Structures are given as C-alpha cells and as structure tokens.
Amino acid sequence: MAASATAAQRRAGHGERAPHAERERHAERLLRSTAARSYDPELDIDWSAPLDEGKGFLLEHRCSLYGTALWERLSPAQRLELRKHEAASVTGTGIWLEMLLMRLLTKVAYDGDPRSRYVQYALAELADECRHSTMFARMIERMGTPAYRPPRAIHELARILPVVAYGPAMWGAVLIGEELPDRLQREMVDDESIQPLMRMVNRIHIMEEARHIGLARAELVRSMSRLSRAELPYQRLLLARIAFIVARNLVNPRVYSSVGLDPREARRVALANPHHRETIRFSGEKLVAFLRDAGLIGTPGMRWWRRSFLVGPEGPGGPEDPQA
Ligand SMILES: [Fe+2]
Ligand SMILES: [Fe+2]
C-alpha cells in the first residue's frame with residue numbers, strides 16, 4: 001500500500017470521499033441495526049427510581065486507591081463515597097470524549113457524500129452519541145456529585161483533535177474513547193452490587209457502542225491500508241499521546257477531596273498503585289491487542305503507551321519486544 005498510494009488516495013484518507021462497496025454494505029447493516037435496536041434514555045430509564053443505598057456506582061477493586069494504605073484508612077461509607085465520585089469522573093470524561101467523537105463524526109459526514117450509507121450511518125452514530133451524553137449527564141446529576149472533567153489545559157488542547165487527527169489515528173482515538181469505558185462497563189453490568197440505575201445506563205451504552213466499535217475498527221484497518229510509509233510515525237505518535245491523555249484523565253484528582261484526602265497525595269498514591277495500573281491495562285487490553293496487530297503501536301510513541309499503563313513494561317510493546 002505505502003508505495004502505491006496515489007495523492008488522490010491519500011487525500012481520500014483525509015476526506016473519506018472514495019466510494020467503497022464493502023464499507024457501504026457494512027454501513028447499511030449498521031443503519032438497519034440502529035433502526036431496530038436503539039434506546040431513548042429519557043423514556044427507557046426511570047430516572048425517578050430511588051437509589052439503592054449501600055450499592056456502589058463502581059466495582060470496589062476498580063477504585064484507584066483500592067489496596068493502598070490510604071484505602072485501608074477509609075471507612076466503608078467513605079469507600080462507597082469515593083467509588084461514586086470516581087464513577088462520576090469516568091462518566092464526565094466519557095461525555096468529554098463523546099463530544100470530541102461527535103466532532104470527528106461530523107468531519108466524516110462533512111467531507112462525504114450524503115447519499116452514501118456511510119455518511120448516513122455517521123449521522124446515525126452522531127445521534128446515538130447525543131443521546132449517550134445526555135444520559136451520562138443525567139446520571140451525574142442523579143449521583144449528586146460535581147461535574148468532573150479534564151483540566152482546562154487538556155480541555156483546550158483537545159479542541160485541535162479534529163484538525164490534527166485523520167486516518168488511523170482518528171479511528172484509533174475514537175476506539176480509545178469507546179473501548180476503554182466499554183470494557184469497564186461490561187465488567188459491572190451484571191454485578192448485583194452495582195446500583196441498578198448505573199447498570200441500566202451501562203447496558204444501553206454497551207449495546208449501542210458495539211455498532212460504533214465495529215465500524216471504527218473496520219475503518220481503522222481500511223485507512224491503514226491506504227497510509228503511506230512516511231505517515232506512519234505521525235499516526236503512531238499522535239495516537240500514543242491521545243491514549244496517555246485519556247488514561248490519565250479517567251480519574252480527576254478532585255474526587256479524593258470528597259473523602260477528605262489531599263488530591264495531590266492521593267493522586268500520587270493512585271498512580272503508583274498496582275491495582276489501579278492493572279485497571280487501566282484491563283480497560284485497554286483488547287484494544288491494545290487490536291492496535292498492535294494493525295501496526296499502530298510501535299516506535300515512536302512507546303514511551304507514552306507505557307506511561308499510560310495501557311501497555312505494561314513487559315510483554316507486547318514492552319522493552320523485550322523487538323518491535324518496540
Ligand atoms: Fe457513546
Ligand atoms: Fe460510540
């Protein structure tokens with residue numbers, strides 16, 4: 001692909017203008033699935049149902065301080081409270097990611113042919129994400145926590161994402177935003193210790209995200225096949241940087257104030273906590289394997305992947321890996 005890609009094909013990589021029979025068939029199937037199986041959280045969730053006191057919004061072992069000396073000092077009620085705030089933080093970051101994703105989807109639709117099933121599906125997915133963000137916003141409101149979001153500098157930096165991201169890194173960014181939360185949601189959707197309201201929100205999100213993830217993975221592979229060799233380092237480095245930023249911003253340090261802990265100290269403890277590092281690795285496990293197979297994880301950018309904890313110091317992508 002690399003050497004034979006024409007300038008027109010590369011431009012198509014930016015604009016996604018080229019018609020593609022397989023892509024059209026995929027989009028057609030997704031449009032039918034969207035019509036048959038979509039949810040309206042305003043109607044399908046009973047937002048007025050009382051919360052189940054004693055149940056958590058996040059699995060205990062997924063709390064960033066779980067297993068540390070700081071965790072041991074917290075009372076059961078404080079642990080429950082911290083889990084709620086961390087769940088609100090992940091949900092708030094989810095809204096932030098979906099806003100960015102919507103801008104990327106708008107870019108796809110803006111550049112494409114509105115008669116294509118592909119563009120029509122991009123618009124359908126945009127509608128899904130609009131409903132998801134509203135659903136997450138209501139969930140945070142219901143939890144009664146602050147609206148956590150990434151810090152101002154990251155918030156501002158992310159504005160350039162739709163400009164700098166195209167092709168594999170753009171679809172990779174979409175997948176980071178979708179697959180990391182998805183893996184954590186799947187783990188708790190059937191767990192009786194989790195608040196029923198949270199489980200319902202997760203169930204709706206998991207079902208609708210399966211379509212999005214399928215399309216993004218297929219598009220990533222297609223855009224990789226059109227990529228020139230010269231563009232690969234940029235794509236790898238950009239995606240590695242995005243992965244690091246997302247992984248570091250799942251838990252806002254301000255959540256620790258909710259149980260009287262110093263945010264700076266608790267943040268330091270969390271980042272050194274092997275349980276927390278394992279949670280991050282777990283959330284990205286399937287995605288990292290996919291991105292590695294696609295050739296998007298490698299030099300340059302390995303430093304960011306390891307610092308994010310999505311790729312461990314050992315194993316694939318680690319120092320022992322000849323491709324690293
Ligand atoms: Fe979503
Ligand atoms: Fe999505």
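Start by selecting Ile-160, which is partly exposed because its relative accessible area is 43%. This is a predicted model, and the tour moves from this residue to the whole chain, then to the two iron ions, and finally to some individual residues.

**A patch on the surface**

With Ile-160 still selected, look at the backbone on either side of it: the residue lies in the loop between helix H7 (152-157) and helix H8 (161-164). Now add Leu-157 and Val-163 to the selection and show the surface, since these two residues and Ile-160 make a nonpolar surface patch of about 290 Å².

**The whole chain**

Next, zoom out and colour the protein by secondary structure, which shows 14 helices and zero strands. If you follow the chain from the N terminus on, every element in the run is therefore marked α. Along its principal axes the C-alpha trace spans about 65 × 50 × 30 Å, and the radius of gyration is 20 Å, which agrees with the value near 20 Å that a compact globule of 324 residues would have.

Switch on the surface of the whole protein, and you are looking at an accessible area of about 14,800 Å², of which 56% belongs to carbon and sulfur atoms. Of the 324 residues, 54% count as buried. Among the contacts with a separation of 6 or more, 81% are between residues 24 or more positions apart.

**The first iron ion**

Hide the surface and select ligand 1, an iron ion. Which residues coordinate the iron ion (ligand 1)? The donors are Glu-98 (OE), Glu-129 (OE), His-132 (ND1), His-205 (NE2) and Glu-209 (OE), at 1.8 to 2.3 Å. In sequence these donor residues follow the spacing E-x30-E-x2-H-x72-H-x3-E. Glu-129 lies in helix H6 and Glu-209 in helix H10 (residues 196-225), so this pair ties together parts that are 80 residues apart in sequence. When you select Glu-209 on its own, you are looking at a buried residue, with a relative accessible area of 0%.

**The second iron ion**

Keep Glu-129 in view and select ligand 2, which is also an iron ion. Glu-129 bridges the iron ion (ligand 1) and the iron ion (ligand 2), which lie 3.6 Å apart. The iron ion (ligand 2) is coordinated, at 1.9 to 2.4 Å, by Glu-129 (OE), Glu-178 (OE), His-212 (ND1) and Glu-209, whose OE donor is listed twice. The spacing of these donor residues in sequence is E-x48-E-x30-E-x2-H. Glu-129 lies in helix H6 (residues 117-143) and Glu-178 in helix H9 (residues 167-188), so the pair ties together parts that are 49 residues apart in sequence.

Are Glu-129 and Glu-178 buried or exposed? Glu-129 counts as buried because its relative accessibility is 0%, and Glu-178 counts as buried at 1%.

**A glycine with contacts from elsewhere in the chain**

Move on to Gly-56, whose place is in the loop between helix H3 (41-44) and helix H4 (69-73). Gly-56 counts as buried, at 2% relative accessibility. Leaving aside residues up to four places away in sequence, Gly-56 touches Leu-80, Arg-83, Ser-193, Ile-194 and Gln-195. Select Lys-84 as well, and compare positions: it is 28 residues from Gly-56 along the chain, while their C-alpha atoms are separated by 6.6 Å.

**An arginine in helix H12**

Now select Arg-268, which lies in helix H12 (residues 263-272). Arg-268 is exposed, with a relative accessible area of 54%. If you draw a distance from its C-alpha atom to that of Pro-253, 15 residues apart along the chain, the separation is 9.4 Å.

**Two backbone details**

The last stops concern the backbone, where most residues other than glycine have a negative phi and most peptide bonds are trans. Select Thr-299 and Pro-300, and display the bond that joins them: this peptide bond is cis, with omega near -10 degrees. Pro-300 lies in the loop between helix H13 (274-294) and helix H14 (302-308).

Then step along to Phe-309, found in the segment after H14. Its phi is near 75 degrees, a positive value in a residue other than glycine. Phe-309 counts as buried, at 12% relative accessibility, and with this residue the tour ends.

Note on methods:
Residues are numbered from 1 along each chain as its sequence is written. Chains are lettered from A and ligands numbered from 1 in the order in which they are written. This is a predicted model: local features need pLDDT of at least 70, side-chain atom pairs count only at pLDDT 80 or more; totals for chains, interfaces and linings use all residues. Side-chain values use heavy atoms; hydrogens and water are left out. Donors are N, O and S atoms within 2.8 Å of the metal (3.2 Å for Na, K and Ca); water is not among the atoms, so sites may look incomplete. Helices (H or I, at least four residues) and strands (E, at least two) are DSSP runs, numbered from the N terminus. Buried means under 20% relative accessible area, exposed over 50%, partly exposed in between (1.4 Å probe, protein chains only). Patches are made of residues with over 30% relative accessible area and no salt bridge: like charges are joined within 9 Å, nonpolar side chains (Val, Leu, Ile, Met, Phe, Trp, Tyr) within 5 Å. Accessible areas come from the Shrake-Rupley method with a 1.4 Å probe; for residues, only the protein chains shown count as cover. A salt bridge is a side-chain nitrogen of Lys or Arg within 4 Å of a carboxyl oxygen of Asp or Glu. The radius of gyration is taken over C-alpha atoms; the globule rule is 2.2 Å times the number of residues to the power 0.38. Contact means heavy atoms within 4.5 Å.
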